[in-house]
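Here's a quick tour for anyone meeting this structure for the first time. Have the sequence and the 3D view open, and we'll go topic by topic.

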Amino acid sequence: MSAAAILSAAQMIGGGAQSHLSFCDLRKVYADGVAALDGVSADIGRGEFCVVLGPSGSGKSTLLRVVNGLTDLTSGMTTLGDTILSPKTLRGIRRRVAMVHQQFNLVERASVASNVLSGAVAEVPSWRALLGWYPDHLRDRACEVVARVGLDEIHLTRRASALSGGQQQRVGIARALLLKPEVILADEPVASLDPAISREVLGLLREAAREQGATVLCSLHQTDLAREFGDRIIGMRKGRVVFDGPPHQFDSAAEGKLYEGLTAPADRPATREQVYA
Ligand SMILES: Nc1ncnc2c1ncn2[C@@H]1O[C@H](COP(=O)(O)OP(=O)(O)OP(=O)(O)O)[C@@H](O)[C@H]1O
């Protein structure tokens, strides 16, 4: 079957052309036999802020990492727009996808400006990046996104290590926004932040993504944050989707099903207060 025919079949299964990011029966089985993804299917619309929720080890990070090819699949198909993810298309897809990390992944000794500009890795040859030779339009864009995440011009020359955790994650978001990605993958972006800062950072990520029409896939552990910030919640357990719907449908029964039988706080952090208790 040709790639176009597979794509058209996938769109029919997934409900049509509205879908921006599409997962079709994804399976990822590691060498030790662990099925991190066990038949995951979902169609995510353009601009949707989709929270991936679930206990530890349920496959959230694996799902996110599939989108930018950091995890290869055992079987199944991922499409972004009308492009099927494959070794041939991976490079092009990576230009359209940015990532926000749990531990910020900044070069701590480098300035905020350098860290933000490193988000242009897909557009600037690495030797130019090493020398700090970025074109003016990217420098202007870096100033724009730094302002957008609520940091001042004075922060641009400051070392990343001199910033608070919340400020460092703002830099991480600015870096992700730099090339105006179509998709932002945020892997537990507030896991190391306190509750108040977590809300600020998630609010900022949602608004900034919305402004540029980016689709967000954001893994979280906290059910209250998922309800507050998600347009949609995908609940995963043991590599399977056990809930998929808007936050108002994620009631206590759905939550119970997601975390049933799990009592350890690390596996079942129901609220931010419990996470930080
Ligand atoms: N490289 C790997 N090799 C073997 N097993 C792996 C590997 N990476 C992940 N796994 C396993 O796959 C399963 C899903 O892991 P994943 O990191 O996607 O879960 P998660 O929901 O993101 O967990 P957490 O919330 O703790 O980050 C787990 O059982 C994990 O141990």
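Which residue stands opposite Ser219 in β8? That's Asp187. Keep in mind that this is a predicted model. The chain runs to 277 residues, and 38% of them count as buried. Along the way you'll meet 11 helices and 10 strands.

**How the chain comes together**

- If you take the contacts in the chain with a separation of 6 or more, 71% of them come from residues 24 or more positions apart.

**Strand β8 and its partners**

- Strand β8 covers residues 215-220, and six of its six residues are buried, so the rest of the structure largely encloses it.
- Both of its faces are covered: Thr215, Leu217 and Ser219 are buried on one side, while Val216, Cys218 and Leu220 are buried on the other.
- β3 (residues 49-53) is joined to β8 by five bridges, and these two strands run parallel.
- Within that setting, look for Val51, which stands opposite Cys218 in β8.
- β7 also pairs with β8 in the parallel sense, over five bridges.
- As a bit of background, strands of a sheet pair through backbone hydrogen bonds, and the pairing can be parallel or antiparallel.

**The open four-stranded sheet**

- There's an open sheet of four strands too, ordered β2-β1-β4-β5, and its pairing is antiparallel.
- Its edge strands are β2 (35-45) and β5 (83-84), each of which pairs on one side only.
- Further in, β1 (residues 19-29) and β4 (residues 75-80) run antiparallel and are joined by five bridges.
- For a landmark here, find Cys24, which stands opposite Met77 in β4.
- Helix α2 lies across β1, β2 and β4, and runs at about 60° to β2.

**Around the ligand**

- Helix α2 (residues 60-67) turns up again here: with three residues, it gives the most to the shell around the ligand.
- The residues around the ligand are Tyr30, Asp32, Val34, Ala36, Gly54, Ser56, Gly57, Ser58, Gly59, Lys60, Ser61 and Thr62.
- Sorted by class, that shell has seven polar, three nonpolar and two charged residues.

**Helix α7, mostly under cover**

- Helix α7 (residues 165-177) has 13 residues, which at 1.5 Å a residue should span 18 Å; its end C-alpha atoms are 18 Å apart, so the two values agree.
- Most of α7 is covered, with 11 of its 13 residues buried.
- The buried ones are Gln167, Gln168, Gln169, Arg170, Val171, Gly172, Ile173, Ala174, Arg175, Ala176 and Leu177.
- What do they pack against? The buried residues of α7 pack against two strands, β6 (97-100) and β7 (183-187), and against the helices α4 (112-117), α6 (136-148) and α8.

**Ala196 in helix α8**

- Ala196 is found in helix α8, which covers residues 195-211.
- Is Ala196 buried or exposed? Ala196 is exposed, because just 10 other C-beta atoms lie within 10 Å, and a residue with 12 or fewer counts as exposed.
- Ala196 and Leu225 are 29 residues apart along the chain, and their C-alpha atoms are separated by 11 Å.

Notes
Residues are numbered from 1 along each chain as its sequence is written. This is a predicted model: local features need pLDDT of at least 70, side-chain atom pairs count only at pLDDT 80 or more; totals for chains, interfaces and linings use all residues. A residue is buried if 20 or more other C-beta atoms lie within 10 Å of its own, exposed if 12 or fewer, and partly exposed in between; C-beta atoms are placed from the backbone. A residue is near a molecule or strand if its C-beta atom, placed from the backbone, lies within 6 Å of it. Ala, Val, Leu, Ile, Met, Phe, Trp, Tyr, Cys and Pro count as nonpolar, Asp, Glu, Lys and Arg as charged, and the others, Gly among them, as polar. Two strands pair if DSSP finds at least two bridges between them. Two residues are in contact if their C-beta atoms, placed from the backbone, lie within 7 Å. Axes are lines fitted to C-alpha atoms, for helices over the stretch in contact, and angles run from 0 to 180 degrees between N-to-C directions. The expected span of a helix is 1.5 Å times one less than its number of residues.
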